[in-house]
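Q: Please take a close look at the part of this model where one chain touches the other. Starting from there, please go on to the strands and helices of each chain.

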Amino acid sequence: MSSVQIRDVRKSFGNFEVLHGVSIPIEDGEFVVLVGPSGCGKSTLLRMLAGLENITSGTISIGDRVVNNVQPKERDIAMVFQNYALYPHMTVADNMGFSLKLRGAKPEEISTGVKRAAEILALTPLLDRYPRQLSGGQRQRVAMGRAIVRDPQVFLFDEPLSNLDAKLRVAMRTEIKELHQRLKTTTVYVTHDQIEAMTMADKIVVMHDGIVEQMGSPLELYDTPANQFVAGFIGSPAMNFLKGAVKVNGAAYFEGPNGVRLPLKSAPANSDGKPAVYGVRPEHFTIADDGAEAEIVVVEPTGSETQVFAKLGGEQVVAVFRERHLFNPGDKVRLKPDPALVHLFDDSTGKRLNS
Amino acid sequence: MSTVQTSMPAQAVAAGEPSFWSRLSGNRNWAAFWFMLPTAAFLILFLAYPLGLGVWMSFTDERIGRAGAFIGIENYQWLWDDSIFWLSVFNTLFYTLIASAIKFAIGLYLALLLNRHMPFKAIIRSIVLIPFIVPTVLSAIAFWWIYDSQFSIISWSLIKLGVIHSNINFLGDSDWARASVIFANVWRGVPFVAITLLAGLQTVSPSLYEAATLDGATSWQRFRFITYPLLTPIIAVVMTFSVLFTFTDFQLIWALTRGGPVNATHLMATLSYQRGIISGRLGEGAAIATAMIPFLVAAIAISWFGMQRRKWQQGSNND
């Protein structure tokens, strides 16, 4: 186990720069999730960490060693690939023991190591099978087993769950988190799925177009997104954004589209009349008599909650209610955002305005 | 009433039991038979029948222009004591083994090379195929000039470079002739091996190499433990074909040496042609050709039993 320091790392393919100076400190034993839409550079960064891509500038260190020019096999890392990359012609045991074999370990050492990892992942009955004979979830566990056997300083995961069906994905998510709690190995995990990021991470790094948008604990990112991108990316259904202007006329309020009046707890200093974007999460709407009038468009009951799509000041918003309402399309309701939980973003830069 | 009663069952039988022909043409199980029929007829007419005829002919004393009589295994007894026949068997085995081994080595090397990222990859890959698409006889004639005893460009170049002082008699000396025809065959056969193995290499997921790299494999170990085992099914197929093609080679030898000098490059195929067509002893030629069958069957059997689907390829694949 050791810490990882990524300092001002850049990566170019030819003249095209895909990472524009990324710095991420990762503590010993931390579970860090790199999340972002496809093409944001998260997988490239992970591959640079693994040594599969070289580093154009900046430094990456594992422990106190700068590894920019260290061969992948010398870096003491293990990686789980999106397609698992299991060797199809080797049994589960041989797949898991391959790295030990290459290191020149004795056969007894290899079998002890493989058995230990197989027990952790409940793979013991499958050791003699070939990858083809395994289900998706079992292959996923073998891929993790291959990583565990090596007892590396750092685990790298490259979208490991994206080939699994929805139910299995949830189960494996828990399994990976549990594994990390048990082994406490520093882990860097790449995904495009914000729910995976929220549920597993100690620290989430939101990336977008080759830069880090925000870094922090899942709840920090949820409660105080630093900008409109992070606000829209974290949380499901996504945050509603309404354009308009801040008004301070006695009490502060936000004038939304078509003059709809939305509550604000307080206005940022010198912001009267300032154009801004009002962000409210679907789960932070309530129905109240002093709310803004909205017309219901679609109602989607999921059992545990009800998603309501409605027109608010002519803009479509989505609200989620835990309690059951018997709404019909065309109904008029009064939606009120919780003023303590709304977000204000700068209209041009997208930066957060309220604290 | 009674007439109606007797006629009704007869009608019912006619309606309920269609004719034999309509059953044959309508039944789903017979449909497969009808679909296979054109291909089967083609194979029987142009492959099975000539093969059977050839085997039958080898038991007769048929000559060109004269129908033969059945003479049992006399042709084979005659060949058994014929040193030229045994020389041709040795030549064929020697030619096949050496040429196939070299084709495999060079083909695999080329395939690994072409599988790397390099500029003008597509053009280089098509250039590699050129020897394969040139008609064999044309390339054989080109080689014939290259190996010419007086005008050989190889001899000329080596003399100019001062390596040798007189022309090499490529096709006139037994050892040189064998080496020359093997070289020509290798030149012609390498593209097939290389391109097929390249196709096999491209089915290997790059992430396997990355995983192996992270597992600490050197480039030799990646070849030894990943590439080679994953390629064995393709190698088995391509080398079976290569061996069959080489074993039955005729055009190249006939255009270059006609089996000479002193039968040093006579293969079973060329000897069969010479005895059967040129000398007109069809029965004897057919016997030589038939004698190739056990060798070919053995080659196929080795590949079938030794290299058939491996255990790791079995089972479901739900990628």
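A: In this predicted model, the contact between the chains involves 20 residues of chain A and 20 residues of chain B. On the chain A side, the elements that contribute two or more residues are strand 6 (77-80) and helix 2 (92-102). The largest share comes from helix 2 of chain A, with three residues. Sorted by class, the residues on the side of chain A that touches chain B are 12 nonpolar, five polar and three charged.

Strand 6 of chain A leads from this contact into a sheet. The sheet is open and has six strands, which follow one another in the order 6-7-8-3-9-10 in chain A, with mixed pairing. Strand 6 of chain A is an edge strand, as is strand 10 (211-216) of chain A, and each of these two pairs on one side only. Strands that are neighbours in this sheet are turned against each other by 15° on average, if direction is ignored.

The term "mixed" deserves a word of explanation. The strands of a sheet pair through backbone hydrogen bonds, and the pairing may be parallel or antiparallel. A parallel case within the order given above is that of strand 3 (residues 31-35) and strand 8 (residues 186-191) of chain A, which are joined by five bridges. In this pairing, A:Val32 has A:Val188 in strand 8 of chain A as its bridge partner.

Antiparallel pairing can be followed through strand 1 of chain A. Strand 1 (residues 4-13) pairs with strand 2 (residues 16-26) of chain A in the antiparallel sense, over eight bridges. These two strands form a hairpin with two residues between them, and A:Gly14 in the turn has a positive phi of about 65°. Strand 1 of chain A also runs antiparallel to strand 4 (residues 57-62) of chain A, to which five bridges join it. A:Arg10 illustrates both pairings: its bridge partner in strand 2 of chain A is A:His20, and its bridge partner in strand 4 of chain A is A:Ser57.

Chain A also offers a pair of packed helices. The axes of helix 4 (residues 136-149) and helix 5 (residues 166-183) of chain A come within 11 Å and cross at roughly 20°. Angles under 35 degrees count as roughly parallel, and therefore helix 4 of chain A is roughly parallel to helix 5 of chain A. The crossing in which helix 4 of chain A passes helix 5 of chain A is right-handed. A:Gly136, A:Gly137, A:Gln140 and A:Met144 of helix 4 of chain A make this contact with A:Leu168, A:Met172 and A:Leu179 of helix 5 of chain A. By class, the contact of these two helices has four nonpolar, three polar and no charged residues.

At the level of domains, chain A is divided into domain 1 (4-225) and domain 2 (240-346). Their C-alpha centres lie 40 Å apart.

On the other side of the contact between the chains is chain B, whose domain assignment gives domain 1 (17-57) and domain 2 (81-309). The C-alpha centres of these two domains of chain B lie 37 Å apart.

In chain B, helix 5 (residues 83-114) may be followed through two packings. With helix 10 (residues 174-201) of chain B, helix 5 of chain B packs at an angle of about 45°, and the axes are 7 Å apart. Because of this angle, helix 5 of chain B is oblique to helix 10 of chain B. Helix 5 of chain B passes helix 10 of chain B in a right-handed crossing. The residues that meet include B:Tyr95, B:Ala99 and B:Phe104 in helix 5 of chain B, and B:Val186, B:Val190 and B:Leu197 in helix 10 of chain B. This contact has 18 nonpolar, three polar and one charged residues.

The second packing joins helix 5 of chain B to helix 12 (residues 219-247) of chain B, at an angle of about 140° and with the axes 9 Å apart. Here too, the angle is why helix 5 of chain B is oblique to helix 12 of chain B. The crossing of these two helices is right-handed. Among the residues that make the contact are B:Tyr95, B:Ala99 and B:Phe104 of helix 5 of chain B, together with B:Met239, B:Val243 and B:Phe247 of helix 12 of chain B. By class, the contact of helix 5 of chain B with helix 12 of chain B divides into six nonpolar, five polar and one charged residues.

Conventions: Residues numbered from 1 in each chain as written. Chains lettered and ligands numbered in written order. Predicted model: local features only at pLDDT ≥ 70, side-chain atom pairs only at ≥ 80, totals over all residues. Pairing = 2+ DSSP bridges. Helix = DSSP H or I, 4+ residues; strand = E, 2+ residues; numbered from the N terminus. Contact = placed C-beta atoms within 7 Å. Nonpolar A, V, L, I, M, F, W, Y, C, P; charged D, E, K, R; others polar. Domains from an automatic or database assignment. Axes fitted to C-alpha atoms, helices over the stretch in contact; angles between N-to-C directions. Parallel < 35°, antiparallel > 145°, perpendicular 65-115°, else oblique. Left-handed = near helix turned anticlockwise from the far one by under 90°.
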